[in-house]
Amino acid sequence: MLNRVEGIVLKTQDYGESNKIVTLYSREFGKITAMARGAKKPASRLAAITQPFTYGSFLIQQGRGMGTMQQGEQIESYRHIREDIEATAYASFVVELINRAVEDSTPQPAIFNLLQQALHAIADEYDPEAIALFVEWKMLPVTGIYPTLHQCANCGATDGEFSFSFQQIGFLCHRCFAVDPYIVRLTPAQVKLIRTFYTVAIDQVGKLTLKKETKKFIKKIVRTIYEEQTGIRLKSQSFLDQLDRLPQYFPKKENPSTSQEEGE
């Protein structure tokens, strides 16, 4: 059976001397893999279309096992992602997280939309670190984690001062701080920002202007959830950690408009 599949390349793996196994995420079929014969050869018509992050339309011959990619047509290459080391690093993190979190052949259009919006935003030179945070928070339910962020996880209150509790996996109001001795205190702006990451679509936000310290703080919370509750740790995260530790070797473009927090 021949299927026309519109999808984004999550991962490729060399197979033999000239072939690639390509993992795609599609709106109609979810995550699928296909053999792209000859795709390692520079002159192959499949060489360009099977590059990571490529959004394309693929013709796949589906049999009982792995399908075979017959042809492909590029819809979007997300060129900036390939030309900027920071953009590449965060885009790699995004696609690896989605690849690890979702199951094969399970259509989830919302995840496809999230992936497409994230890569589009990074390619448009939005803050890639902030975009990765959007994806991390929004993918938690896919891993089976549903943080309580709209109210207090203990008493249900929606007003007051809030903290984050890893024990409760959500917010605790000031009346319930004693429930968890290891709460992480939050400012009202941080509460609002976490809710934004979790609930608001990337394409509805615009360019967030976040301080590095704010992103680091919120990243620590969501990464701890993943490590303690899901056990997911990504290979691409190690390179992102290097970017943070050795900024002199990976200079970032300065953008004076991002010096203040949104809403301050």
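**Entry 1: D104 and K31**

I looked up D104 and found it partly exposed, with a relative accessible area of 48%. The model is a predicted one. I then checked for a partner and found that the side chain of D104 meets that of K31 in a salt bridge, at 3.4 Å from N to O. I placed both ends: K31 is in strand β3 (residues 30-36), and D104 is in the loop between α2 (85-101) and α3 (109-123). The two are 73 residues apart, and I noted the pair as one that links distant parts of the chain. Is K31 buried or exposed? I read 8% relative accessibility for K31, which therefore counts as buried, the cut-off being under 20%.

**Entry 2: other salt bridges**

I searched the whole structure and got 12 salt bridges. I took up K215 and E129, whose side chains meet at 3.3 Å, N to O. I located K215 in helix α6 (residues 212-230) and E129 in helix α4, 86 residues apart, so I entered this pair too as a link between distant parts of the chain. K215 and E129 are both buried.

Which residues are linked with K215 and E129 in a network of salt bridges? I listed D127, K212 and K219 alongside them.

I also looked up D241 and R233, whose side chains form a salt bridge at 3.5 Å, N to O. For R233 I noted a relative accessible area of 43%, which makes R233 partly exposed.

**Entry 3: α4 against α5**

I turned to helix packing and took helix α4 (residues 128-139) with helix α5 (residues 188-199). The angle between them is about 70°, and I have their axes 7 Å apart. I therefore recorded α4 and α5 as roughly perpendicular to each other. From α4, the residues I found at the contact are A130, L133, F134, W137 and K138. They meet I194, T196, F197, Y198 and T199 of α5. I sorted the residues of this contact by class and got seven nonpolar, two polar and one charged.

**Entry 4: α6 against α7**

Next I looked at α6 and helix α7 (residues 235-245), which pack at an angle of about 155° with their axes 14 Å apart. That angle is over 145°, so I entered α6 as roughly antiparallel to α7. I noted the crossing of α6 and α7 as left-handed. On the α6 side I found K212, K219, R223 and E227, meeting Q237, L240 and D244 of α7. What classes of residue make up the contact of α6 with α7? I counted five charged residues, one polar and one nonpolar. I had already met K212 and K219 in the salt-bridge network with D127, E129 and K215.

**Entry 5: F171**

Last, I looked up F171, which lies in strand β7 (residues 170-173). Its relative accessible area is 0%, so I marked F171 as buried. Leaving out neighbours within four places in sequence, I found F171 in contact with T148, L149, Q151, C152, A153, F162, S163, F164, L186, V191, I194 and R195. I194 was already in my notes, as one of the α5 residues at the contact with α4. I also took the C-alpha separation of F171 and V184, which is 9.3 Å for residues 13 apart along the chain.

Definitions and conventions
Residues are numbered from 1 along each chain as its sequence is written. This is a predicted model: local features need pLDDT of at least 70, side-chain atom pairs count only at pLDDT 80 or more; totals for chains, interfaces and linings use all residues. Side-chain values use heavy atoms; hydrogens and water are left out. Axes are lines fitted to C-alpha atoms, for helices over the stretch in contact, and angles run from 0 to 180 degrees between N-to-C directions. Helices (H or I, at least four residues) and strands (E, at least two) are DSSP runs, numbered from the N terminus. Angles under 35 degrees count as roughly parallel, over 145 as roughly antiparallel, 65 to 115 as roughly perpendicular and the rest as oblique. Contact means heavy atoms within 4.5 Å. Ala, Val, Leu, Ile, Met, Phe, Trp, Tyr, Cys and Pro count as nonpolar, Asp, Glu, Lys and Arg as charged, and the others, Gly among them, as polar. A salt bridge is a side-chain nitrogen of Lys or Arg within 4 Å of a carboxyl oxygen of Asp or Glu. Buried means under 20% relative accessible area, exposed over 50%, partly exposed in between (1.4 Å probe, protein chains only). A crossing is left-handed if the near helix is turned anticlockwise from the far one by less than a right angle, and right-handed if clockwise.
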